[in-house]
Number of protein chains: 2
Amino acid sequence: MSKNINFDKIAHQPAYRVVSEKIRNAILSGEIKTGELLPTETDLAKQFGVTRSTIREAIRLLEHGGILGRADRKRLVVTLPETDAVGRSVSSALLMHQVTYEELWQVAMGLEPLASKLACTTATKQDKQLLAENLVLTRDVMNDHDALLAAEIEFHNLLANATHNSALLLARAPLNELFYPVAWGEIIRALSPGERILVAHQHIYAAICDNNPDKAEEWMKKHMEDFRRGIEMGNLGFDQPVPVAP
Amino acid sequence: MSKNINFDKIAHQPAYRVVSEKIRNAILSGEIKTGELLPTETDLAKQFGVTRSTIREAIRLLEHGGILGRADRKRLVVTLPETDAVGRSVSSALLMHQVTYEELWQVAMGLEPLASKLACTTATKQDKQLLAENLVLTRDVMNDHDALLAAEIEFHNLLANATHNSALLLARAPLNELFYPVAWGEIIRALSPGERILVAHQHIYAAICDNNPDKAEEWMKKHMEDFRRGIEMGNLGFDQPVPVAP
DNA sequence: ATTGACATATTGTCCGACAATAAGTCAATA
DNA sequence: TATTGACTTATTGTCGGACAATATGTCAAT
């Protein structure tokens, strides 16, 4: 073996990546603030000294992450990434990993009771108001499978929002997009557990109004256990991969 | 008020989006399998009947989500999105939302004890082996702040990997990228709590080997509480936004 | 088995062009 | 006054073609 000199790998990044990183940094560092318009493509091209095509590719790279959106479907603005924007990347990833109902349920079991607990101390009047309205709605649509599913999902969302914890919101995004729609959809259709759902929601809501974190957490755990039983009893296997939506 | 006819909003998507969605669906539905090469840009352009520029923009859109990577830095391949690929989108989002240490800690408190518990029943011999090696490493670098930080982060990663739950891995991605590096970094530098870290890790490891979920969960909770105290005692406020890395 | 020379395929980048569409201005009109 | 219409302008979406840089493959020479 001859004596070797070790060179570092040279890191040649294509221009569109470099530009993308620069813009990303400018946004994250607050140099361009949320809500501000991004310079026009021709401007950017001049500034960076590259062609408009390159700029466009750089922008596409960021657009998917949700930190760029469009104000009027023409000019691009810097936007606060909403949970569902980011959530879709995560969902794709999970689907490709063939995530199972069980895996998602385990995460839900970690996050949803936590959300219930936290919401007790963080929920504003308006949060509670929205939850209350959701309860009424749920009762009203008890026999409409689709509407019931939507209301159920909304309840969990409202609850999560009431924590005002953006990290929690993002962490549970895949539950919203993959878990509840698919799994609850099947369960509700197969077992019609509308009453049990409503009772659990009511207890959680009451606990939040009473500022009783332990009770809120407990009832959410029960709720999620119901959920698991539903999956097991329904015709979808608990350890089966979540199917790709058509 | 005149009688109105309500038309649905027409959903005119730019071509690069449509193409991007089509490719995405082909990937998610398994039409193109993981590891396969994507057709060349010129091919795709012909197939979709658009220009290569359009194809390229469509591809960039997907590239960021991590479901496309490059085999040899030329041809694109369909890849399983790794946690850190997706994690970066999430991290950007959180930084823009000015997420606080407290918010991240709350999520960590929901997920890390859960991971400990699950790992007890899912960890393979190799997982345990890796954890054991990490413990040795941790002891060895006890006085090297940077190395200690790296070892600490690696421990939590190994633990999460040992659950073999991809949903959990993705949900905790932001902890890896934002929380531990920044917060632990500061804590370790300020308080040098090397011993306490090691002791906690050892107990968790022991619990996993003994197949004792409750003990594993408990010790991880203690560990995270230490963590919180560290943040509070250090000079970083618990309720302060996590700073953007330079 | 390694090297070198060569042809080929594919991506990265550039340029220039034009259509489609939002936004702004201003006059005409009911 | 408020709505409509015609016009201008700025900006994005899409096209087509061009060329350089780089991997890949082949074949001969050593």
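## Two chains on two DNA strands

A polar side-chain atom of Arg56(A) sits 2.3 Å from a phosphate oxygen of DNA strand D. Keep in mind that this is a predicted model, so every distance here is computed from predicted coordinates. Arg56(A) is a good place to start, since this residue turns up again when we get to the salt bridges.

Let's stay with DNA strand D for a moment. There are 20 residues around this strand, and those that come nearest are Arg56(A), Ala15(B), Thr51(B), Asp72(B) and Lys74(B). If you look at which atoms of DNA strand D come within 4 Å of the protein, sugar and phosphate account for 66% of them. Thr51(B) fits that picture with a polar side-chain atom 2.7 Å from a sugar or linking oxygen of the strand. The bases get a contact too: an N or O atom in the side chain of Arg52(B) is 3.3 Å from a base nitrogen of DNA strand D. Which helices supply the surface here? At least two residues each come from α3 (52-63) of chain A, and from α1 (15-28) and α3 (52-63) of chain B.

Now turn to DNA strand C. This strand is surrounded by 20 residues, with Ala15(A), Thr51(A), Thr54(A), Lys74(A) and Arg56(B) the closest. Sugar and phosphate make up 64% of the atoms of DNA strand C that come within 4 Å of the protein. On the chain A side, a polar side-chain atom of Thr51(A) lies 2.7 Å from a sugar or linking oxygen of the strand. Chain B reaches phosphate oxygens of DNA strand C in two ways: a polar backbone atom of Glu41(B) is 3.1 Å from one, and an N or O atom in the side chain of Arg70(B) is 3.1 Å from one. The elements that give two or more residues to this surface are α1 (15-28) and α3 of chain A, together with α3 of chain B.

On to the charged pairs. How many salt bridges does a search of the whole structure find? The count over all chains is 28. Arg56(A), which we met at DNA strand D, forms one of them with Glu57(B), and the closest N and O atoms are 2.5 Å apart. Arg56(A) lies in helix α3 of chain A and Glu57(B) in helix α3 of chain B, so this pair joins two chains. How do the partners compare in accessibility? Arg56(A) is partly exposed because its relative accessible area is 22%, whereas Glu57(B) counts as buried because its relative accessibility is 8%.

Two other bridges pair a Glu21 with an Arg88. In one, the side chains of Glu21(A) and Arg88(B) meet at 4.0 Å, N to O. Here helix α1 of chain A holds Glu21(A) and helix α4 (residues 83-96) of chain B holds Arg88(B), so the pair joins two chains. Glu21(A) is partly exposed at 34% relative accessible area, and Arg88(B) is partly exposed at 44%. In the other, Arg88(A) bridges to Glu21(B), with the closest N and O atoms 3.9 Å apart. Arg88(A) is in helix α4 (residues 83-96) of chain A and Glu21(B) in helix α1 of chain B, so this bridge also links two chains. Arg88(A) is partly exposed, with 42% relative accessible area, and Glu21(B) is partly exposed at 33%.

There is also a salt-bridge network that links Arg17(A), Glu57(A), Glu41(B), Arg52(B), Arg56(B), Arg60(B), Glu63(B) and Arg70(B). Several names are familiar from the DNA: Arg52(B) has its base contact on DNA strand D, while Glu41(B) and Arg70(B) have phosphate contacts on DNA strand C.

Finally, zoom out to the domains. Chain A is divided into domain 1 (15-78) and domain 2 (84-233), and 36 Å separate their centres, taken over C-alpha atoms. Val242(A) is placed in the segment after α11 (213-233) of chain A. Is Val242(A) buried or exposed? Val242(A) counts as buried because its relative accessibility is 6%. Its contacts, leaving aside neighbours within four places in sequence, are Leu95(A), Val99(A), Thr100(A), Tyr101(A), Leu104(A), Leu178(A) and Val182(A). The C-alpha atom of Val242(A) is 9.5 Å from that of Glu102(A), although the two residues are 140 residues apart along the chain.

Over in chain B, Glu103(B) is found in helix α5 (residues 101-122). Glu103(B) is buried but has no salt bridge, and the nearest side chain of opposite charge, Arg172(A), is 13 Å away. Beyond its neighbours within four places in sequence, Glu103(B) is in contact with His164(A), Asn165(A), Ser166(A), Ala167(A) and Gln98(B).

Terms used:
Residues are numbered from 1 along each chain as its sequence is written. Chains are lettered from A and ligands numbered from 1 in the order in which they are written. This is a predicted model: local features need pLDDT of at least 70, side-chain atom pairs count only at pLDDT 80 or more; totals for chains, interfaces and linings use all residues. Side-chain values use heavy atoms; hydrogens and water are left out. Domain bounds come from an automatic or database domain assignment. Helices (H or I, at least four residues) and strands (E, at least two) are DSSP runs, numbered from the N terminus. Buried means under 20% relative accessible area, exposed over 50%, partly exposed in between (1.4 Å probe, protein chains only). Lys and Arg count as positive and Asp and Glu as negative; His and the chain ends are not counted. Contact means heavy atoms within 4.5 Å. A residue is near a molecule or strand if one of its heavy atoms lies within 4 Å of it. A polar contact is a pair of N or O atoms within 3.5 Å; within protein, one must be able to donate a hydrogen and the other to accept it, and residues adjacent in sequence count only if both atoms are side-chain atoms.
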